[in-house]
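Here is a short briefing on one protein chain. Keep the sequence and the model open as you read.

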Amino acid sequence: MEGKLVHTTREYFEDETNCLLALEPLSIKDTSEYLRLCLQIEVDREDLNPVDLLPFETLKKLYTASDGNIRLINNLVAGAFRRASQSGSLFVAVHHIHQ
């Protein structure tokens, strides 16, 4: 994921007439790494592993629903965490994801 971002950014700044920066869709592995990083930044508790908040089945559903689009991933995760919190769940389940 980092390599794609660096390559895209370099291309963007080499051509000053370019006015659009676009990223390719993330792979499921990149999606997993992106969410892990985001959760590590947000969750500042030693007794909680951020990865446990998103089981693999939930991650697969997020990836499928977003097609690897970061904006959609962020929107889906925000809504899913809100619904999980409202229901008192300790993790985000597949049924918390609404498209």
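The points below go from the whole chain to helix contacts and then to single residues.

This is a predicted model. The chain holds four helices and zero strands. Two helix pairs are described here, followed by three buried positions.

**Whole chain**

- From the N terminus, the order of elements is α-α-α-α.
- The chain has 99 residues, and 27% of them count as buried.
- About 7,100 Å² of the chain is exposed. Carbon and sulfur atoms supply 54% of that area.
- Take the contacts between residues at least 6 apart in sequence: 51% of them join residues at least 24 apart.

**Helix α2 against helix α3**

- Helix α2 covers residues 28-42, and helix α3 covers residues 56-66.
- The two pack at an angle of about 115°, with their axes 10 Å apart. That angle makes α2 roughly perpendicular to α3, because 65 to 115 degrees counts as roughly perpendicular.
- The crossing of α2 past α3 is right-handed.
- On the α2 side, the contact uses Ile-28, Thr-31, Ser-32 and Leu-35. On the α3 side, Leu-59, Lys-60, Leu-62 and Tyr-63 meet them.
- By class, the residues of this α2 and α3 contact are five nonpolar, two polar and one charged.

**Helix α3 against helix α4**

- Helix α4 covers residues 70-86.
- α3 and α4 pack at an angle of about 130°, and their axes are 9 Å apart. That makes α3 oblique to α4, because the angle falls outside the ranges for roughly parallel, perpendicular or antiparallel.
- α3 and α4 also make a right-handed crossing.
- From α3, Leu-62, Ala-65 and Ser-66 take part in the contact. From α4, the partners are Leu-72, Ile-73, Leu-76 and Val-77.
- The α3 and α4 contact has six nonpolar residues, one polar residue and no charged residues.
- Leu-62 of α3 takes part in the contact with α2 and in the contact with α4.

**Thr-31**

- Thr-31 sits in helix α2.
- Why does Thr-31 count as buried? Its relative accessibility is 0%, and buried means under 20%.
- Setting aside residues up to four places away in sequence, Thr-31 touches Leu-26, Leu-59, Tyr-63, Gly-68 and Ile-73.
- Two of these, Leu-59 and Tyr-63, belong to the α3 side of the α2 contact. Ile-73 is among the α4 residues that meet α3.

**His-96**

- His-96 lies in the segment after α4.
- Is His-96 buried or exposed? His-96 is buried, with a relative accessible area of 5%.
- Which residues does His-96 contact, leaving aside neighbours within four places in sequence? The partners are Gly-79, Ala-80, Arg-83, Ala-84, Ser-87, Ser-89 and Phe-91.
- His-96 and Phe-81 are 15 residues apart along the chain, and their C-alpha atoms are separated by 7.5 Å.

**Gly-79**

- Gly-79 lies in helix α4.
- Gly-79 counts as buried because its relative accessibility is 7%.
- Gly-79 is one of the contacts of His-96.
- Gly-79 and Ile-97 are 18 residues apart in sequence. Their C-alpha atoms are 7.1 Å apart in space.

Key:
Residues are numbered from 1 along each chain as its sequence is written. This is a predicted model: local features need pLDDT of at least 70, side-chain atom pairs count only at pLDDT 80 or more; totals for chains, interfaces and linings use all residues. Side-chain values use heavy atoms; hydrogens and water are left out. Axes are lines fitted to C-alpha atoms, for helices over the stretch in contact, and angles run from 0 to 180 degrees between N-to-C directions. Angles under 35 degrees count as roughly parallel, over 145 as roughly antiparallel, 65 to 115 as roughly perpendicular and the rest as oblique. A crossing is left-handed if the near helix is turned anticlockwise from the far one by less than a right angle, and right-handed if clockwise. Contact means heavy atoms within 4.5 Å. Ala, Val, Leu, Ile, Met, Phe, Trp, Tyr, Cys and Pro count as nonpolar, Asp, Glu, Lys and Arg as charged, and the others, Gly among them, as polar. Buried means under 20% relative accessible area, exposed over 50%, partly exposed in between (1.4 Å probe, protein chains only). Accessible areas come from the Shrake-Rupley method with a 1.4 Å probe; for residues, only the protein chains shown count as cover.
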